[in-house]
Amino acid sequence: MTRTEEFLIELDEGMLQYFRDIADELVGRFGMSRAEAVARINAAYEGADIEPYPDLMCHEEPDHWAYGLYFLPKSGRSPHGASVGDLTGWETRPAPPKGSHVWTLAECTPRSQGPWIRAVPDPAGGIAETGALRAKRELARRGGQ
């Protein structure tokens, strides 16, 4: 179990990937920067005792936790999975304050986000592919643009 520069939580390799998948969901579903996604995760989980993969939290898909990190609960529940429909009635959580220690990544453009980039925008909107290798292939296909 180690702590990375990215997350303020001690994680094994499996849980590190799981938390990166949660960040991917925040970026892909809600259009926030990678830095903000990681800051939201750090604010919620810093100091948490996370077991090696598969931790109990793995009984839910990463999108479940992403919705909970982005939306304030209503009646103790957050939108997730099949329950997601019209989200206009849901209030969003504010991002952690800029300059807070939970912001471990610099705000930057997707091309310069390093190995954590997971999503490639589809020209028609949405997310076309996920995975760092696919993102690199797509950037190479576009000539690095």
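**Surface and overall make-up**

I began with the accessible surface of this predicted model. The protein exposes about 8,400 Å², and carbon and sulfur atoms supply 52% of that area. I then looked up burial and found that 38% of the 145 residues are buried.

I next listed the secondary structure, which comprises 4 helices and 4 strands. Along the sequence I read the order as β-β-α-α-α-β-β-α. For contacts with a separation of 6 or more, I noted that 54% join residues 24 or more positions apart.

**Helix H1**

I turned to helix H1, which covers residues 13–30 and has 18 residues. From the first C-alpha to the last, H1 reaches 26 Å, close to the 26 Å expected at 1.5 Å a residue.

Which residues of H1 are buried? I recorded Met15, Leu16, Tyr18, Phe19, Arg20, Ile22, Ala23, Asp24, Leu26 and Phe30. Charged residues appear in this list, among them Arg20 and Asp24. I then asked what the buried residues of H1 pack against. Their partners are strand S2 (10–11), helix H2 (34–45) and helix H3 (62–70).

After H1 I checked the backbone at glycine 31, whose phi is positive, near 70°.

**Asparagine 42**

I looked up asparagine 42, which lies in helix H2. Is this residue buried or exposed? Asparagine 42 has a relative accessible area of 0% and therefore counts as buried. Leaving aside neighbours within four places in sequence, I found asparagine 42 in contact with Glu6, Phe7, Leu8, Ile9, Val102 and Thr104.

**Salt bridges**

I counted 7 salt bridges and examined several of them in turn. As background, side chains of opposite charge can pair when their charged atoms come close.

The pair I took up to begin with was arginine 34 and aspartate 24, whose closest N and O atoms are 2.5 Å apart. Arginine 34 lies in helix H2 and aspartate 24 in helix H1, so this salt bridge ties together parts that are 10 residues apart in sequence. I checked the burial of both partners against the limit of under 20% relative accessible area. Arginine 34, at 3% relative accessibility, is buried, and aspartate 24, at 15%, counts as buried too.

I then considered aspartate 63 and arginine 29, whose side chains meet in a salt bridge at 3.9 Å, N to O. Aspartate 63 belongs to helix H3 and arginine 29 to helix H1, so the pair ties together parts 34 residues apart in sequence. Aspartate 63 is buried at 13% relative accessibility, whereas arginine 29 is partly exposed at 42%.

Within helix H2 I found a salt bridge between the side chains of glutamate 36 and arginine 40, at 2.9 Å, N to O. Why can these two side chains lie on one side of the helix? Glutamate 36 and arginine 40 are 4 residues apart in helix H2, which means that about one helical turn separates them. An α-helix has 3.6 residues a turn, so residues three or four places apart point the same way. I noted that glutamate 36 and arginine 40 are both buried.

**Linked network**

Finally, I looked for salt bridges that join into a network. Glu6, Arg20, Asp24 and Arg34 are linked in this way. Several of these residues had come up in earlier entries: Glu6 is among the contacts of asparagine 42, and Arg20 and Asp24 are among the buried residues of H1. Arg34 is the partner of aspartate 24 in the 2.5 Å pair.

Notes
Residues are numbered from 1 along each chain as its sequence is written. This is a predicted model: local features need pLDDT of at least 70, side-chain atom pairs count only at pLDDT 80 or more; totals for chains, interfaces and linings use all residues. Side-chain values use heavy atoms; hydrogens and water are left out. Buried means under 20% relative accessible area, exposed over 50%, partly exposed in between (1.4 Å probe, protein chains only). Contact means heavy atoms within 4.5 Å. Accessible areas come from the Shrake-Rupley method with a 1.4 Å probe; for residues, only the protein chains shown count as cover. The expected span of a helix is 1.5 Å times one less than its number of residues. A salt bridge is a side-chain nitrogen of Lys or Arg within 4 Å of a carboxyl oxygen of Asp or Glu.
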